[in-house]
Amino acid sequence: MGSKPAPPPPPTIVMPTPTAPQLYRTLIPQESYQDVAAFGKRLDEQILSLQKDRETEVGTSAELAERMRGREMQERASYAASLPGQFKDPGIMEVARDNEGRPISKGSGTLNLQQGSDEAQKAALTNVDQAKKALQKATSQKGQTSASIVDPSAFDPEYAKRKGDIFKVTMPEDKA
(Lines give C-alpha, C1' and ligand atoms only; values in the text may rest on other atoms or scores of the structure.)
Protein backbone atom coordinates (compact mmCIF):
# COMPACT_ATOMS: atom_id res chain seq x y z
CA MET A 1 0.00 0.00 0.00
CA GLY A 2 1.18 3.45 -0.83
CA SER A 3 1.60 6.47 1.31
CA LYS A 4 -0.72 9.39 1.51
CA PRO A 5 0.01 12.39 -0.79
CA ALA A 6 1.34 15.59 0.74
CA PRO A 7 -1.27 18.20 1.65
CA PRO A 8 -1.57 21.25 -0.66
CA PRO A 9 0.18 24.43 0.42
CA PRO A 10 -1.92 26.97 2.32
CA PRO A 11 -3.54 29.71 0.16
CA THR A 12 -1.65 32.96 -0.18
CA ILE A 13 -3.78 36.03 0.30
CA VAL A 14 -2.42 39.25 -1.11
CA MET A 15 -4.00 42.44 0.21
CA PRO A 16 -3.47 45.71 -1.68
CA THR A 17 -2.05 48.62 0.21
CA PRO A 18 -4.79 50.87 1.51
CA THR A 19 -5.29 54.16 -0.27
CA ALA A 20 -7.10 57.27 0.84
CA PRO A 21 -10.80 57.14 -0.02
CA GLN A 22 -12.09 59.40 -2.76
CA LEU A 23 -15.26 61.37 -2.25
CA TYR A 24 -17.53 62.03 -5.19
CA ARG A 25 -20.50 64.34 -5.01
CA THR A 26 -23.13 64.87 -7.67
CA LEU A 27 -25.31 67.92 -7.56
CA ILE A 28 -28.78 67.47 -8.99
CA PRO A 29 -30.11 70.82 -10.12
CA GLN A 30 -33.59 72.06 -9.26
CA GLU A 31 -34.49 72.05 -12.95
CA SER A 32 -34.10 68.30 -13.03
CA TYR A 33 -36.78 67.88 -10.35
CA GLN A 34 -39.03 70.29 -12.22
CA ASP A 35 -38.57 68.26 -15.41
CA VAL A 36 -39.56 65.08 -13.59
CA ALA A 37 -42.66 66.79 -12.18
CA ALA A 38 -43.64 68.03 -15.65
CA PHE A 39 -43.15 64.54 -17.08
CA GLY A 40 -45.36 63.08 -14.34
CA LYS A 41 -48.06 65.65 -15.12
CA ARG A 42 -47.92 64.84 -18.85
CA LEU A 43 -48.07 61.14 -18.08
CA ASP A 44 -51.15 61.61 -15.86
CA GLU A 45 -52.87 63.60 -18.62
CA GLN A 46 -52.12 60.90 -21.18
CA ILE A 47 -53.42 58.16 -18.90
CA LEU A 48 -56.65 60.11 -18.29
CA SER A 49 -57.12 60.65 -22.03
CA LEU A 50 -56.58 56.92 -22.68
CA GLN A 51 -59.19 56.09 -20.03
CA LYS A 52 -61.58 58.57 -21.65
CA ASP A 53 -61.02 56.94 -25.05
CA ARG A 54 -61.64 53.51 -23.54
CA GLU A 55 -64.92 54.70 -22.02
CA THR A 56 -65.88 56.19 -25.37
CA GLU A 57 -65.24 52.90 -27.16
CA VAL A 58 -66.59 50.32 -24.72
CA GLY A 59 -68.59 52.39 -22.24
CA THR A 60 -68.26 53.36 -18.64
CA SER A 61 -68.07 50.77 -15.91
CA ALA A 62 -71.77 51.32 -15.18
CA GLU A 63 -72.66 50.69 -18.83
CA LEU A 64 -70.50 47.57 -18.89
CA ALA A 65 -72.23 46.30 -15.74
CA GLU A 66 -75.65 47.00 -17.28
CA ARG A 67 -74.74 44.98 -20.38
CA MET A 68 -73.42 42.16 -18.21
CA ARG A 69 -76.68 42.01 -16.24
CA GLY A 70 -78.57 41.97 -19.55
CA ARG A 71 -76.54 39.00 -20.78
CA GLU A 72 -77.16 37.19 -17.49
CA MET A 73 -80.90 37.85 -17.86
CA GLN A 74 -80.81 36.47 -21.40
CA GLU A 75 -78.99 33.37 -20.17
CA ARG A 76 -81.63 32.78 -17.51
CA ALA A 77 -84.44 33.36 -19.99
CA SER A 78 -82.87 30.94 -22.45
CA TYR A 79 -82.51 28.32 -19.73
CA ALA A 80 -86.08 28.85 -18.53
CA ALA A 81 -87.36 28.55 -22.10
CA SER A 82 -85.52 25.24 -22.54
CA LEU A 83 -87.15 23.61 -19.50
CA PRO A 84 -89.87 21.03 -20.11
CA GLY A 85 -93.42 22.35 -20.08
CA GLN A 86 -92.63 25.73 -21.60
CA PHE A 87 -94.30 24.88 -24.91
CA LYS A 88 -97.50 22.96 -25.45
CA ASP A 89 -96.55 19.69 -27.06
CA PRO A 90 -99.12 18.72 -29.64
CA GLY A 91 -98.24 15.09 -29.06
CA ILE A 92 -99.78 12.72 -31.56
CA MET A 93 -102.08 14.80 -33.66
CA GLU A 94 -105.39 13.45 -34.70
CA VAL A 95 -105.53 13.00 -38.44
CA ALA A 96 -108.79 14.08 -39.97
CA ARG A 97 -110.10 11.97 -42.84
CA ASP A 98 -112.55 12.71 -45.59
CA ASN A 99 -115.53 10.53 -46.63
CA GLU A 100 -113.33 8.17 -48.60
CA GLY A 101 -110.83 7.72 -45.74
CA ARG A 102 -108.05 9.87 -47.16
CA PRO A 103 -106.16 12.02 -44.64
CA ILE A 104 -106.96 15.71 -44.64
CA SER A 105 -104.29 18.20 -43.59
CA LYS A 106 -105.57 21.05 -41.49
CA GLY A 107 -102.24 22.85 -41.78
CA SER A 108 -99.96 24.05 -39.04
CA GLY A 109 -102.23 26.99 -38.23
CA THR A 110 -104.27 24.88 -35.86
CA LEU A 111 -101.34 24.13 -33.59
CA ASN A 112 -101.50 26.25 -30.48
CA LEU A 113 -97.87 26.61 -29.50
CA GLN A 114 -97.02 29.01 -26.72
CA GLN A 115 -94.77 31.72 -28.17
CA GLY A 116 -92.07 31.47 -25.51
CA SER A 117 -91.97 32.59 -21.93
CA ASP A 118 -92.54 36.15 -20.84
CA GLU A 119 -89.01 36.27 -19.50
CA ALA A 120 -87.56 35.36 -22.90
CA GLN A 121 -89.66 38.01 -24.62
CA LYS A 122 -88.54 40.58 -22.05
CA ALA A 123 -84.89 39.63 -22.61
CA ALA A 124 -85.29 40.01 -26.37
CA LEU A 125 -86.83 43.48 -25.98
CA THR A 126 -84.01 44.48 -23.62
CA ASN A 127 -81.47 43.33 -26.20
CA VAL A 128 -83.13 45.50 -28.86
CA ASP A 129 -83.16 48.50 -26.49
CA GLN A 130 -79.47 48.07 -25.74
CA ALA A 131 -78.66 47.88 -29.45
CA LYS A 132 -80.61 51.11 -30.06
CA LYS A 133 -78.72 52.88 -27.24
CA ALA A 134 -75.38 51.69 -28.60
CA LEU A 135 -76.28 52.89 -32.09
CA GLN A 136 -77.32 56.32 -30.78
CA LYS A 137 -74.11 56.62 -28.81
CA ALA A 138 -71.99 55.62 -31.80
CA THR A 139 -73.70 58.10 -34.14
CA SER A 140 -73.36 60.92 -31.61
CA GLN A 141 -69.60 60.27 -31.33
CA LYS A 142 -69.03 60.01 -35.05
CA GLY A 143 -66.25 62.30 -36.24
CA GLN A 144 -64.73 62.94 -32.81
CA THR A 145 -60.97 62.71 -32.59
CA SER A 146 -59.26 60.52 -30.07
CA ALA A 147 -58.23 62.34 -26.90
CA SER A 148 -55.18 60.13 -26.40
CA ILE A 149 -53.40 61.08 -29.62
CA VAL A 150 -50.33 63.19 -28.83
CA ASP A 151 -49.62 65.97 -31.30
CA PRO A 152 -45.88 65.80 -32.03
CA SER A 153 -45.73 69.51 -32.82
CA ALA A 154 -47.13 70.38 -29.39
CA PHE A 155 -44.85 67.91 -27.61
CA ASP A 156 -41.92 70.03 -26.47
CA PRO A 157 -40.70 68.84 -23.07
CA GLU A 158 -38.54 71.08 -20.92
CA TYR A 159 -35.81 68.50 -20.46
CA ALA A 160 -35.13 68.53 -24.19
CA LYS A 161 -34.25 72.23 -23.97
CA ARG A 162 -31.70 71.76 -21.19
CA LYS A 163 -28.01 71.82 -21.86
CA GLY A 164 -25.79 69.08 -20.56
CA ASP A 165 -23.65 71.43 -18.48
CA ILE A 166 -26.18 71.61 -15.64
CA PHE A 167 -25.15 68.12 -14.58
CA LYS A 168 -21.70 68.49 -13.12
CA VAL A 169 -19.65 66.13 -11.08
CA THR A 170 -17.63 67.98 -8.50
CA MET A 171 -14.69 66.54 -6.68
CA PRO A 172 -13.37 68.00 -3.44
CA GLU A 173 -10.00 69.66 -3.53
CA ASP A 174 -7.08 67.58 -2.32
CA LYS A 175 -5.64 68.85 0.94
CA ALA A 176 -1.98 67.98 0.93
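How many helices and strands does the protein chain have? The chain has 3 helices and 4 strands, and the model shown in every view below is predicted.

**Figure 1. Overall arrangement of the predicted protein chain.** Along the sequence, the secondary-structure elements of the protein chain follow the pattern β-α-α-β-β-α-β. The helices include α1, at residues 30-58, as well as α2, at residues 61-82, and α3, at residues 118-140. The protein chain comprises 176 residues, of which 8% count as buried. Salt bridges in the model come to a count of 6; three of them are presented in the close-up views that follow.

**Figure 2. A salt bridge between Lys133 and Glu66 links helices α3 and α2.** The closest N and O atoms of Lys133 and Glu66 are 3.4 Å apart, which satisfies the salt-bridge limit of within 4 Å. Because Lys133 belongs to helix α3 and Glu66 to helix α2, the pair ties together parts that are 67 residues apart in sequence. Lys133 has a relative accessibility of 51% and therefore counts as exposed, the threshold for that class being over 50%. Glu66, with a relative accessible area of 40%, is partly exposed.

**Figure 3. A salt bridge within helix α2 joins Glu72 and Arg69.** The side chains of these two residues, Glu72 and Arg69, meet with an N to O distance of 3.0 Å. Glu72 and Arg69 are 3 residues apart in helix α2, so about one helical turn separates them. Both partners are partly exposed: Glu72 has a relative accessibility of 25%, and Arg69 has one of 47%.

**Figure 4. Arg102 and Asp98 form a salt bridge, shown with a network elsewhere in the model.** An N to O distance of 3.2 Å characterises the contact between the side chains of Arg102 and Asp98. Arg102 is partly exposed at a relative accessible area of 48%, and Asp98 is likewise partly exposed, at 25%. In addition, Arg69, Glu72 and Arg76 are joined into one network by salt bridges that share partners.

**Figure 5. The largest pocket is lined by residues from helices α1, α2 and α3, among others.** The volume of the largest pocket is about 260 Å³. Its lining consists of 13 residues, and those closest to the pocket centre are Glu63, Arg67, Lys133, Ala134 and Lys137. Elements that contribute two or more residues to the lining are α1, α2 and α3. Helix α3 supplies the largest share, with 5 residues. Classified by residue type, the lining of the largest pocket holds 6 charged, 4 polar and 3 nonpolar residues. Lys133 thus appears in two views: this residue is among those closest to the pocket centre, and it also forms the salt bridge with Glu66.

**Figure 6. Phe39, Leu43 and Ile47 make a nonpolar surface patch.** The patch made by these three residues, Phe39, Leu43 and Ile47, covers about 260 Å². Leu43 is located in helix α1, one of the elements that also give two or more residues to the lining of the largest pocket. At a relative accessibility of 35%, Leu43 counts as partly exposed; this value meets the patch requirement of over 30% relative accessible area.

Methods: Residues are numbered from 1 along each chain as its sequence is written. This is a predicted model: local features need pLDDT of at least 70, side-chain atom pairs count only at pLDDT 80 or more; totals for chains, interfaces and linings use all residues. Side-chain values use heavy atoms; hydrogens and water are left out. Buried means under 20% relative accessible area, exposed over 50%, partly exposed in between (1.4 Å probe, protein chains only). On a 1 Å grid over the protein atoms alone, a cavity is a set of points where a 1.4 Å probe fits but cannot get out, and a pocket is an open set with protein on both sides within 12 Å along at least five of seven lines; lining residues have an atom within 4 Å of a point. Grid points are joined across faces, edges and corners, and a volume is the space filled by probe spheres set on the points. Ala, Val, Leu, Ile, Met, Phe, Trp, Tyr, Cys and Pro count as nonpolar, Asp, Glu, Lys and Arg as charged, and the others, Gly among them, as polar. Patches are made of residues with over 30% relative accessible area and no salt bridge: like charges are joined within 9 Å, nonpolar side chains (Val, Leu, Ile, Met, Phe, Trp, Tyr) within 5 Å. Accessible areas come from the Shrake-Rupley method with a 1.4 Å probe; for residues, only the protein chains shown count as cover.
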